[in-house]
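Visitor: Could you take me through one part of this protein up close, and be frank about what kind of model it is? I'd like to see how the salt bridges sit, then move on to whatever is worth a slow look.

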Amino acid sequence: MFFTSLTQWNVQNIVIRMLVAFLLGALIGIDRGVKRRGGGARTDASVCLGAAMVMMTAQYMDIYFPGGTDISRMAAQVISGVGFLGAGSIIVSRHQIKGLTSAAGVWICACIGLAAGIGFIDGAILVTLILMVGLHILPLIEERFYHHSLYVTLYIEAEDSRTASSLLHKLKADGCQIDMYDIERPKASGQPFTILSTVGISRKLKKDIYLKELSKLPGILSIDSM
(Lines give C-alpha, C1' and ligand atoms only; values in the text may rest on other atoms or scores of the structure.)
Protein backbone atom coordinates (compact mmCIF):
# COMPACT_ATOMS: atom_id res chain seq x y z
CA MET A 1 0.00 0.00 0.00
CA PHE A 2 1.18 3.51 -0.81
CA PHE A 3 -0.60 5.35 1.97
CA THR A 4 -0.29 3.06 5.00
CA SER A 5 1.16 5.92 7.05
CA LEU A 6 -2.14 7.79 6.72
CA THR A 7 -3.79 5.32 9.09
CA GLN A 8 -1.84 6.87 11.95
CA TRP A 9 -3.74 9.39 14.07
CA ASN A 10 -2.25 12.89 13.74
CA VAL A 11 -3.33 16.31 12.51
CA GLN A 12 -1.64 16.02 9.11
CA ASN A 13 -3.30 12.70 8.31
CA ILE A 14 -6.70 13.95 9.47
CA VAL A 15 -6.50 16.92 7.10
CA ILE A 16 -5.35 14.72 4.21
CA ARG A 17 -8.19 12.26 4.79
CA MET A 18 -10.77 15.06 4.81
CA LEU A 19 -9.40 16.62 1.63
CA VAL A 20 -9.17 13.28 -0.19
CA ALA A 21 -12.75 12.38 0.76
CA PHE A 22 -14.04 15.78 -0.34
CA LEU A 23 -12.14 15.74 -3.65
CA LEU A 24 -13.09 12.17 -4.58
CA GLY A 25 -16.74 12.83 -3.80
CA ALA A 26 -16.66 16.06 -5.79
CA LEU A 27 -15.04 14.25 -8.74
CA ILE A 28 -17.83 11.69 -8.88
CA GLY A 29 -20.46 14.40 -8.43
CA ILE A 30 -19.04 16.55 -11.23
CA ASP A 31 -19.10 13.57 -13.58
CA ARG A 32 -22.77 12.94 -12.78
CA GLY A 33 -23.61 16.64 -12.87
CA VAL A 34 -22.12 17.14 -16.33
CA LYS A 35 -24.62 14.56 -17.59
CA ARG A 36 -27.41 16.33 -15.66
CA ARG A 37 -27.82 13.27 -13.46
CA GLY A 38 -28.17 13.09 -9.71
CA GLY A 39 -27.34 15.69 -7.09
CA GLY A 40 -24.00 16.79 -8.53
CA ALA A 41 -20.71 17.74 -6.90
CA ARG A 42 -22.08 19.34 -3.74
CA THR A 43 -24.23 16.36 -2.79
CA ASP A 44 -21.62 13.68 -3.45
CA ALA A 45 -18.78 15.68 -1.88
CA SER A 46 -20.88 16.31 1.24
CA VAL A 47 -21.82 12.64 1.57
CA CYS A 48 -18.22 11.53 1.11
CA LEU A 49 -16.84 14.08 3.57
CA GLY A 50 -19.56 13.31 6.12
CA ALA A 51 -18.85 9.59 5.94
CA ALA A 52 -15.14 10.27 6.40
CA MET A 53 -15.92 12.37 9.46
CA VAL A 54 -17.99 9.56 10.98
CA MET A 55 -15.14 7.11 10.45
CA MET A 56 -12.58 9.47 11.95
CA THR A 57 -14.87 10.10 14.92
CA ALA A 58 -15.12 6.35 15.46
CA GLN A 59 -11.32 6.03 15.34
CA TYR A 60 -10.96 8.96 17.74
CA MET A 61 -13.34 7.32 20.21
CA ASP A 62 -11.55 4.00 19.87
CA ILE A 63 -8.19 5.65 20.64
CA TYR A 64 -9.22 7.91 23.52
CA PHE A 65 -12.11 5.85 24.88
CA PRO A 66 -10.99 2.26 24.26
CA GLY A 67 -13.74 -0.34 24.53
CA GLY A 68 -16.45 2.30 24.48
CA THR A 69 -17.40 2.01 20.82
CA ASP A 70 -17.23 -0.29 17.81
CA ILE A 71 -15.84 1.31 14.64
CA SER A 72 -17.67 -1.13 12.38
CA ARG A 73 -21.05 -0.27 13.93
CA MET A 74 -20.67 3.43 13.12
CA ALA A 75 -19.68 2.58 9.54
CA ALA A 76 -22.71 0.31 9.21
CA GLN A 77 -25.01 3.15 10.31
CA VAL A 78 -23.62 5.37 7.54
CA ILE A 79 -24.13 2.67 4.89
CA SER A 80 -27.75 2.10 5.89
CA GLY A 81 -28.57 5.72 6.70
CA VAL A 82 -27.42 7.19 3.40
CA GLY A 83 -30.19 5.24 1.66
CA PHE A 84 -32.69 8.07 2.11
CA LEU A 85 -30.54 10.34 -0.06
CA GLY A 86 -30.37 7.70 -2.76
CA ALA A 87 -34.13 7.19 -2.64
CA GLY A 88 -34.62 10.91 -3.20
CA SER A 89 -32.78 10.77 -6.53
CA ILE A 90 -34.94 7.96 -7.96
CA ILE A 91 -37.75 9.14 -10.21
CA VAL A 92 -40.50 7.10 -11.86
CA SER A 93 -41.63 8.78 -15.08
CA ARG A 94 -43.85 7.29 -17.77
CA HIS A 95 -43.27 3.81 -16.40
CA GLN A 96 -39.51 4.34 -16.51
CA ILE A 97 -37.28 4.34 -13.46
CA LYS A 98 -34.56 6.98 -13.54
CA GLY A 99 -31.87 7.84 -11.04
CA LEU A 100 -30.79 4.36 -9.92
CA THR A 101 -27.20 5.01 -11.01
CA SER A 102 -27.19 8.34 -9.19
CA ALA A 103 -28.55 6.65 -6.07
CA ALA A 104 -25.83 4.02 -6.29
CA GLY A 105 -23.30 6.84 -6.78
CA VAL A 106 -24.40 8.53 -3.54
CA TRP A 107 -24.13 5.22 -1.71
CA ILE A 108 -20.64 4.46 -3.05
CA CYS A 109 -19.54 8.01 -2.16
CA ALA A 110 -20.38 7.13 1.45
CA CYS A 111 -18.29 3.96 1.14
CA ILE A 112 -15.38 5.92 -0.32
CA GLY A 113 -15.69 8.44 2.48
CA LEU A 114 -15.53 5.68 5.10
CA ALA A 115 -12.39 4.28 3.47
CA ALA A 116 -10.75 7.71 3.33
CA GLY A 117 -11.83 8.45 6.89
CA ILE A 118 -10.03 5.43 8.33
CA GLY A 119 -6.93 6.08 6.22
CA PHE A 120 -7.50 3.45 3.52
CA ILE A 121 -6.67 6.02 0.84
CA ASP A 122 -5.46 3.41 -1.68
CA GLY A 123 -8.86 1.75 -1.71
CA ALA A 124 -10.75 5.05 -1.86
CA ILE A 125 -8.76 6.27 -4.88
CA LEU A 126 -8.87 2.95 -6.72
CA VAL A 127 -12.63 2.58 -6.29
CA THR A 128 -13.14 6.15 -7.51
CA LEU A 129 -11.03 5.55 -10.62
CA ILE A 130 -12.74 2.23 -11.39
CA LEU A 131 -16.15 3.85 -10.92
CA MET A 132 -15.30 6.78 -13.18
CA VAL A 133 -14.00 4.50 -15.94
CA GLY A 134 -16.92 2.12 -15.55
CA LEU A 135 -19.54 4.87 -15.78
CA HIS A 136 -18.12 5.90 -19.16
CA ILE A 137 -17.33 2.50 -20.66
CA LEU A 138 -20.30 0.40 -19.53
CA PRO A 139 -22.93 2.50 -21.40
CA LEU A 140 -21.03 1.88 -24.65
CA ILE A 141 -20.90 -1.86 -23.99
CA GLU A 142 -24.58 -1.92 -22.97
CA GLU A 143 -25.59 -0.09 -26.13
CA ARG A 144 -23.89 -2.71 -28.29
CA PHE A 145 -25.59 -5.58 -26.51
CA TYR A 146 -29.01 -3.88 -26.33
CA HIS A 147 -28.86 -3.01 -30.02
CA HIS A 148 -28.71 -6.71 -30.90
CA SER A 149 -31.17 -7.79 -28.22
CA LEU A 150 -34.50 -9.21 -29.38
CA TYR A 151 -36.25 -7.91 -26.27
CA VAL A 152 -37.87 -4.50 -26.18
CA THR A 153 -40.10 -2.64 -23.73
CA LEU A 154 -43.05 -0.98 -25.44
CA TYR A 155 -45.16 1.92 -24.22
CA ILE A 156 -48.36 1.83 -26.26
CA GLU A 157 -51.41 4.09 -26.39
CA ALA A 158 -54.57 2.41 -27.70
CA GLU A 159 -58.08 3.64 -28.36
CA ASP A 160 -59.90 0.99 -26.32
CA SER A 161 -59.55 -2.35 -24.58
CA ARG A 162 -60.45 -4.26 -27.75
CA THR A 163 -57.40 -2.80 -29.47
CA ALA A 164 -55.24 -3.87 -26.53
CA SER A 165 -56.68 -7.39 -26.75
CA SER A 166 -56.13 -7.65 -30.52
CA LEU A 167 -52.55 -6.43 -30.11
CA LEU A 168 -51.87 -9.16 -27.56
CA HIS A 169 -53.27 -11.81 -29.93
CA LYS A 170 -51.13 -10.52 -32.80
CA LEU A 171 -47.95 -10.62 -30.74
CA LYS A 172 -48.65 -14.23 -29.78
CA ALA A 173 -49.60 -15.19 -33.33
CA ASP A 174 -46.34 -13.73 -34.67
CA GLY A 175 -44.31 -15.88 -32.28
CA CYS A 176 -43.27 -13.08 -29.94
CA GLN A 177 -42.47 -13.93 -26.33
CA ILE A 178 -44.37 -11.74 -23.89
CA ASP A 179 -42.62 -11.32 -20.54
CA MET A 180 -44.88 -8.58 -19.21
CA TYR A 181 -48.16 -7.07 -20.41
CA ASP A 182 -49.85 -4.42 -18.27
CA ILE A 183 -52.91 -2.41 -19.31
CA GLU A 184 -53.85 0.82 -17.54
CA ARG A 185 -57.38 2.04 -18.05
CA PRO A 186 -57.94 5.77 -18.61
CA LYS A 187 -59.00 7.84 -15.61
CA ALA A 188 -61.34 9.98 -17.69
CA SER A 189 -63.42 9.42 -20.79
CA GLY A 190 -61.73 10.26 -24.07
CA GLN A 191 -58.26 9.36 -22.83
CA PRO A 192 -56.40 6.42 -24.39
CA PHE A 193 -55.63 3.07 -22.82
CA THR A 194 -51.94 2.70 -22.02
CA ILE A 195 -50.09 -0.58 -22.37
CA LEU A 196 -46.65 -1.36 -21.00
CA SER A 197 -45.19 -4.58 -22.34
CA THR A 198 -41.81 -6.29 -22.48
CA VAL A 199 -41.70 -8.38 -25.64
CA GLY A 200 -39.15 -10.73 -27.12
CA ILE A 201 -39.40 -10.25 -30.89
CA SER A 202 -39.25 -13.47 -32.90
CA ARG A 203 -35.94 -14.08 -34.67
CA LYS A 204 -37.86 -14.40 -37.93
CA LEU A 205 -38.87 -10.74 -37.70
CA LYS A 206 -36.81 -7.57 -38.04
CA LYS A 207 -37.37 -5.59 -34.87
CA ASP A 208 -37.52 -2.07 -36.34
CA ILE A 209 -39.75 -3.06 -39.26
CA TYR A 210 -42.05 -5.07 -37.00
CA LEU A 211 -42.55 -2.16 -34.58
CA LYS A 212 -43.57 0.06 -37.50
CA GLU A 213 -46.11 -2.56 -38.54
CA LEU A 214 -47.55 -2.64 -35.03
CA SER A 215 -47.94 1.15 -35.01
CA LYS A 216 -50.13 0.92 -38.13
CA LEU A 217 -52.63 -1.47 -36.53
CA PRO A 218 -56.21 -0.13 -36.23
CA GLY A 219 -56.78 1.52 -32.87
CA ILE A 220 -53.08 1.99 -32.05
CA LEU A 221 -52.38 5.66 -31.41
CA SER A 222 -48.64 5.47 -30.70
CA ILE A 223 -45.87 3.05 -29.84
CA ASP A 224 -42.63 4.04 -28.13
CA SER A 225 -39.80 1.63 -27.45
CA MET A 226 -37.77 2.04 -24.27
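Guide: Let's start with Lys170, which is partly exposed because its relative accessibility is 26%. Keep in mind that this is a predicted model. The side chain of Lys170 meets that of Asp174 in a salt bridge, with N and O 3.1 Å apart. Asp174 is partly exposed too, as its relative accessible area is 25%. Both values fall between the cut-offs, since buried means under 20% and exposed means over 50%.

How many salt bridges does a search of the whole structure find? The count is 2. Besides the Lys170 pair, Arg162 forms one with Asp160, where the closest N and O atoms are 3.7 Å apart. Arg162 counts as exposed because its relative accessibility is 67%.

Now for a strand. Thr198 sits in β5, which covers residues 193-200. With a relative accessible area of 18%, Thr198 is buried, because the cut-off for that word is under 20%. Setting aside residues up to four places away in sequence, Thr198 touches Val152 and Thr153, along with Gln177, Ile178, Asp179 and Met180.

Next, the helices, with α6 as the one to linger on. α6 runs over residues 121-148. Does its length add up, or what should we expect? At 1.5 Å a residue, its 28 residues should span 40 Å, and the end C-alpha atoms are 41 Å apart, so the two agree. There is a bend, though: α6 turns by about 30 degrees at Leu135, and Pro139 follows within four residues.

Which residues of α6 are buried? They are Ile121, Asp122, Gly123, Ala124, Thr128, Leu131, Met132, Gly134 and Leu135. Their cover includes α1 (11-34) and α5 (100-118). Further along, Leu138 also lies in α6, and Leu138 joins Val133, Ile137, Ile141, Phe145 and Tyr146 in a nonpolar surface patch of about 630 Å². As background, an α-helix has 3.6 residues a turn, so residues three or four places apart point the same way.

Since α5 is part of that cover, give it a quick check as well. Its 19 residues should span 27 Å at 1.5 Å a residue, and its end C-alpha atoms are 28 Å apart, which agrees. Just after α5 comes Gly119, with a positive phi of about 100 degrees.

Gly119 leads us to α1. Arg17 lies in α1, and the C-alpha atoms of Arg17 and Gly119 are separated by 6.5 Å although they are 102 residues apart along the chain. Buried or exposed, what is Arg17? Arg17 is buried, because its relative accessible area is 0%. Leaving aside neighbours within four places in sequence, its contacts are Leu6, Thr7, Gln8 and Trp9, then Met56 and Gln59, and finally Ala116, Gly117, Ile118, Gly119 and Ile121. One of those, Ile121, is among the buried residues of α6.

Two other α1 residues round this out. Asn13 is in α1 and is buried, given a relative accessible area of 5%. Apart from neighbours within four places in sequence, Asn13 is in contact with Ser5, Leu6, Thr7 and Gln8. Gly29 lies in α1 as well, and at 0% relative accessibility Gly29 counts as buried. Not counting residues up to four places away, Gly29 touches Gly40, Ala41 and Asp44. Its C-alpha atom is separated by 8.6 Å from that of Val106, 77 residues apart along the chain.

Definitions and conventions. Residues are numbered from 1 along each chain as its sequence is written. This is a predicted model: local features need pLDDT of at least 70, side-chain atom pairs count only at pLDDT 80 or more; totals for chains, interfaces and linings use all residues. Side-chain values use heavy atoms; hydrogens and water are left out. Patches are made of residues with over 30% relative accessible area and no salt bridge: like charges are joined within 9 Å, nonpolar side chains (Val, Leu, Ile, Met, Phe, Trp, Tyr) within 5 Å. Accessible areas come from the Shrake-Rupley method with a 1.4 Å probe; for residues, only the protein chains shown count as cover. A salt bridge is a side-chain nitrogen of Lys or Arg within 4 Å of a carboxyl oxygen of Asp or Glu. Helices (H or I, at least four residues) and strands (E, at least two) are DSSP runs, numbered from the N terminus. The expected span of a helix is 1.5 Å times one less than its number of residues. The bend at a residue is the angle between axes fitted to the seven residues ending there and the seven starting there. Buried means under 20% relative accessible area, exposed over 50%, partly exposed in between (1.4 Å probe, protein chains only). Contact means heavy atoms within 4.5 Å.
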